[in-house]
Every structure is written in structure tokens, then in C-alpha cells.
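Here is a friendly walk through some side chains worth a look. Have the viewer ready and follow along.

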Amino acid sequence: MARKIKIKPETTYQYLQVFNGILELTDKEMTVLSKFVDLGTTVNLCSAENKKLVAADMDIVDPNTLNIYVKRLKDKGAIKKTKNGYQLSKILHRDELVIIEIT
């Protein structure tokens with residue numbers, strides 16, 4: 001018998017936690033990704049300007065430090081490289097219905 005579970009996360013970080021069993025992000029990686037997503041940019045998510053904003057928000061002196069996290073997020077499938085920079089993985093878009101089936 002199938003059961004339906006509805007989850008309504010209040011923050012981007014909580015939303016990412018729902019998918020973390022699949023992505024296996026660290027707490028810091030989820031924080032960095034949620035900060036990028038909260039900027040509302042859909043094209044070139046990890047631009048130099050966005051890195052400056054996220055670094056300032058997280059009290060990181062050098063925004064280039066975030067390049068380490070960008071690479072990890074790409075390697076784990078949370079973001080993907082496009083011709084316009086990086087964009088959020090389709091599974092993480094909040095505006096779409098996502099159904100996870102566990103068998």
C-alpha cells in the first residue's frame with residue numbers, strides 16, 4: 001500500500017535537507033548552496049558577484065574560497081556546469097513537483 005508524505009520546508013536549507021540523502025552534502029555545502037539559491041539567480045548561480053555576496057554573508061574574507069564548494073557541489077550533482085556558468089540541478093528546483101519513490 002502506497003503512502004503519500006507531504007513535506008513543506010520553510011527555508012532553502014530545509015528544502016535541501018530533504019534531498020541530502022541522495023546528494024550527501026555536508027552541512028557547510030548545504031549552507032553555501034542555500035545562500036547561492038536564496039540570491040534568486042537562475043543563470044550563472046556561482047558568478048563572481050554572487051560569490052562576493054555569499055562570502056560577505058558568511059563572513060568569508062576571500063570569495064574565491066567558495067570555489068572549493070562550487071567544485072564539490074558540481075561533483076555531487078547539486079549544480080551543473082552550463083555555457084552560462086553554473087545552474088541548480090533540476091531535481092532541486094522548488095517550482096516543480098518532485099516525486100521520490102522508494103522501493
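Contact here means heavy atoms within 4.5 Å. The model you are looking at is predicted, and by that contact cut-off lysine 51 touches Phe36, Cys46, Pro63, Asn64, Leu66 and Asn67, leaving aside its neighbours within four places in sequence.

**A buried lysine**

Let us stay with lysine 51 for a moment. You will find lysine 51 in helix α3, which covers residues 48-57. Which side chain of opposite charge is nearest to lysine 51? That is aspartate 62, 8.5 Å away. Lysine 51 is buried and yet has no salt bridge, because a salt bridge asks for a nitrogen of Lys or Arg within 4 Å of a carboxyl oxygen of Asp or Glu. What the side chain of lysine 51 does have is a polar contact of 2.5 Å with the side chain of asparagine 67.

**Salt bridges**

How many salt bridges does the structure hold? There are five, and the table sets out some of them, with N to O distances.

| Lysine | Partner | N to O distance |
|---|---|---|
| Lysine 76 | Glutamate 29 | 2.8 Å |
| Lysine 35 | Aspartate 57 | 2.9 Å |
| Lysine 71 | Aspartate 75 | 2.7 Å |

Take the pair of lysine 76 and glutamate 29, whose side chains meet at 2.8 Å. Lysine 76 sits in the loop between α4 (66-75) and β1 (79-82), while glutamate 29 belongs to helix α2 (residues 27-38), so this pair ties together parts that are 47 residues apart in sequence. Is each partner buried or exposed? Lysine 76 is partly exposed, with a relative accessible area of 32%, whereas glutamate 29 counts as buried at 1% relative accessibility. The link also has a third member: Glu29, Arg72 and Lys76 form a network of salt bridges.

Next come lysine 35 and aspartate 57, joined by a salt bridge of 2.9 Å. Lysine 35 is in helix α2 and aspartate 57 in helix α3, so the two tie together parts that are 22 residues apart in sequence. Lysine 35 is partly exposed, with a relative accessible area of 26%, and aspartate 57 is partly exposed too, at 48% relative accessibility.

The bridge of lysine 71 and aspartate 75 stays within helix α4, where the two residues are four residues apart, about one turn of the helix. Aspartate 75 is partly exposed, with a relative accessible area of 49%, and lysine 71 is partly exposed at 48%.

**Loops with positive phi**

Most residues other than glycine have a negative phi. Against that background, where might you look for positive values in this model? One is glutamate 24, with phi near 55°, in the loop between α1 and α2. Glutamate 24 is exposed, with a relative accessible area of 58%. Another is aspartate 59, with phi near 60°, in the loop between α3 and α4. At 71% relative accessibility, aspartate 59 counts as exposed.

**A nonpolar patch**

To finish, turn the model to the surface around isoleucine 5. Which residues make up the nonpolar surface patch of about 300 Å²? They are Ile5, Ile7 and Val18. Isoleucine 5 lies in the segment before α1 (12-23), and this residue is exposed, with a relative accessible area of 71%.

Definitions and conventions:
Residues are numbered from 1 along each chain as its sequence is written. This is a predicted model: local features need pLDDT of at least 70, side-chain atom pairs count only at pLDDT 80 or more; totals for chains, interfaces and linings use all residues. Side-chain values use heavy atoms; hydrogens and water are left out. Buried means under 20% relative accessible area, exposed over 50%, partly exposed in between (1.4 Å probe, protein chains only). Lys and Arg count as positive and Asp and Glu as negative; His and the chain ends are not counted. A polar contact is a pair of N or O atoms within 3.5 Å; within protein, one must be able to donate a hydrogen and the other to accept it, and residues adjacent in sequence count only if both atoms are side-chain atoms. Patches are made of residues with over 30% relative accessible area and no salt bridge: like charges are joined within 9 Å, nonpolar side chains (Val, Leu, Ile, Met, Phe, Trp, Tyr) within 5 Å. Accessible areas come from the Shrake-Rupley method with a 1.4 Å probe; for residues, only the protein chains shown count as cover.
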